[in-house]
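Thanks for asking me to look this over. Here are my notes, in numbered points, to read alongside the model.

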Amino acid sequence: MIKYIVSFSIMIVVLIIFLLSRLYDFDLSGYGQQRSISFKHNNDVLVGTLIMPPGKVSPPFVLLVHGDGPQDRWSEGGYIPLVKFLVSQGIAVFSWDKPGVDKSTGNWLAQTMSDRAEEAVLALKKLREQPELKKSRGGYLGFSQAGWVVPQASQLTTTEFVVLIGAAINWRNQGIYYTGQRLKVEGRSLNDIQDAKKHEAVAFDRQFTEEAAVLPCHSQCTRQDFERRNSLADATKDISGTHTPVLILMGQDDRNVDADETATVWAKTLPAGTPRCIRQLPGATHGLLRSEWFDYQLASQWPLWKQGLFLLSGRYSYSPGALRTVSSWILNQNCVD
């Protein structure tokens, strides 16, 4: 009996250690060398955190550029497994709260994609002023909506690399694709989906005209203003002027952005001499998580047990090879298999 009790106790201890080791993927306290950095864009003061890898001299650094929504610097903790992996590979990481979120002032809904690009340029300038990064290679790692931001920013400043995950191309097309995927998940028929997409296209063109897009907000900008002022966003022209080595990573099971459209446009539009790695990962979502586990359009749609699975899985929530592909590109622009 004592032998069985001891064995059971050992199993419990092992299980606890295993669970704690997985949850460690979401704990940044005391990790790396961290400090707060702030910079200004127009009247907004943006505040973020720089994490330096210990023992590295002039490490490469990456700035995280958020997707849509009121995101804080670590996207409510969702970025942390990715961040910790990059730092473990000797890469410094900086991310900041969007305007009006957490420590940053302003209103992110008042921004156009050009505003966001200018903000990203100022963030990069601030990073290059840090003594330990003055001799470092640096660039952007952007998500989703950053597909409109980073190509602009990379032409306004000098970067050694760019990484885009789930990057959108055209605001109108992205919205229509999103609707089609939402209805598909709901089990609607193909005819219903096609009709809904046609209806949305007509409604979009009626509502979001060139005249409407340039109108300022009447008072404080709302979500409707944000969509109206960015409704004509299209990355194609900025892609055609991109000469920075670029990695485009799309999940083949992306329900938010058309992975085929993004891969095709980037491949056709990038100048011929621009180093590139354009890849669609099988079994991966919009954010490169395993689609067999996290096949949703929004994290807010996850049931509680999926949230728990993400916490327990940490970096293993990502599609196999995704994190390694990102770090290899940042370190040496190597398009790994």
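1. A word on terms to begin with: helices (H or I, at least four residues) and strands (E, at least two) are DSSP runs, numbered from the N terminus. Counted that way, the chain holds 12 helices and eight strands. Please keep in mind that this is a predicted model.

2. On overall dimensions, a compact globule of 337 residues would have a radius of gyration near 20 Å, and the chain has 21 Å, which agrees. The C-alpha trace spans about 80 × 55 × 45 Å along its principal axes. Of the 337 residues, 52% are buried.

3. How do the contacts spread along the sequence? Take the contacts between residues at least 6 apart in sequence: 71% of them join residues at least 24 apart.

4. For the surface and the charges, the accessible area of the chain comes to about 16200 Å², and carbon and sulfur atoms account for 56% of that. The chain carries 35 positive and 33 negative charges, and the mean positions of the two sets are 7 Å apart.

5. Arg228 deserves a look in your viewer. This residue sits in helix 8, which covers residues 223–230. Is Arg228 buried or exposed? With a relative accessible area of 13%, Arg228 is buried, because the cut-off for that class is under 20%.

6. What does the side chain of Arg228 reach? One partner is the backbone oxygen of Ala212, at 2.7 Å; another is the backbone oxygen of Leu215, at 2.6 Å. Setting aside neighbours within four places in sequence, the contacts of Arg228 are Phe208, Ala212, Ala213, Leu215, Pro216 and Cys217.

7. Next, some backbone angles you may want to check. Asn42 is not a glycine, yet its phi is positive, near 55 degrees. Asn42 belongs to the loop between strand 1 (33–41) and strand 2 (44–52). Its relative accessible area is 55%, so Asn42 is exposed.

8. Ser75 also has a positive phi, of about 50 degrees, without being a glycine. The loop that holds Ser75 runs between strand 3 (61–65) and helix 2 (80–88). At a relative accessible area of 22%, Ser75 is partly exposed, because that class lies between the 20% and 50% cut-offs.

9. Towards the end of the chain, Pro320 is placed in the loop between helix 11 (304–313) and helix 12 (322–332). Pro320 counts as exposed, at 59% relative accessibility. If you would like a distance to check, the C-alpha atoms of Pro320 and Thr244 are separated by 26 Å, with the two residues 76 apart along the chain.

10. Why is helix 12 described as largely enclosed by the rest of the structure? Eight of its 11 residues are buried, so the description follows. The buried ones are Ala322, Leu323, Thr325, Val326, Ser327, Ser328, Trp329 and Ile330.

11. Which elements cover the buried residues of helix 12? The cover includes strand 3, helix 2, strand 5 (138–143), strand 6 (161–165), strand 7 (246–251) and strand 8 (276–281). Just after helix 12 comes Gln333, with a positive phi of about 55 degrees.

Methods. Residues are numbered from 1 along each chain as its sequence is written. This is a predicted model: local features need pLDDT of at least 70, side-chain atom pairs count only at pLDDT 80 or more; totals for chains, interfaces and linings use all residues. Side-chain values use heavy atoms; hydrogens and water are left out. The radius of gyration is taken over C-alpha atoms; the globule rule is 2.2 Å times the number of residues to the power 0.38. Buried means under 20% relative accessible area, exposed over 50%, partly exposed in between (1.4 Å probe, protein chains only). Contact means heavy atoms within 4.5 Å. Accessible areas come from the Shrake-Rupley method with a 1.4 Å probe; for residues, only the protein chains shown count as cover. Lys and Arg count as positive and Asp and Glu as negative; His and the chain ends are not counted. The place of a charge is taken as NZ of Lys, CZ of Arg, CG of Asp or CD of Glu. A polar contact is a pair of N or O atoms within 3.5 Å; within protein, one must be able to donate a hydrogen and the other to accept it, and residues adjacent in sequence count only if both atoms are side-chain atoms.
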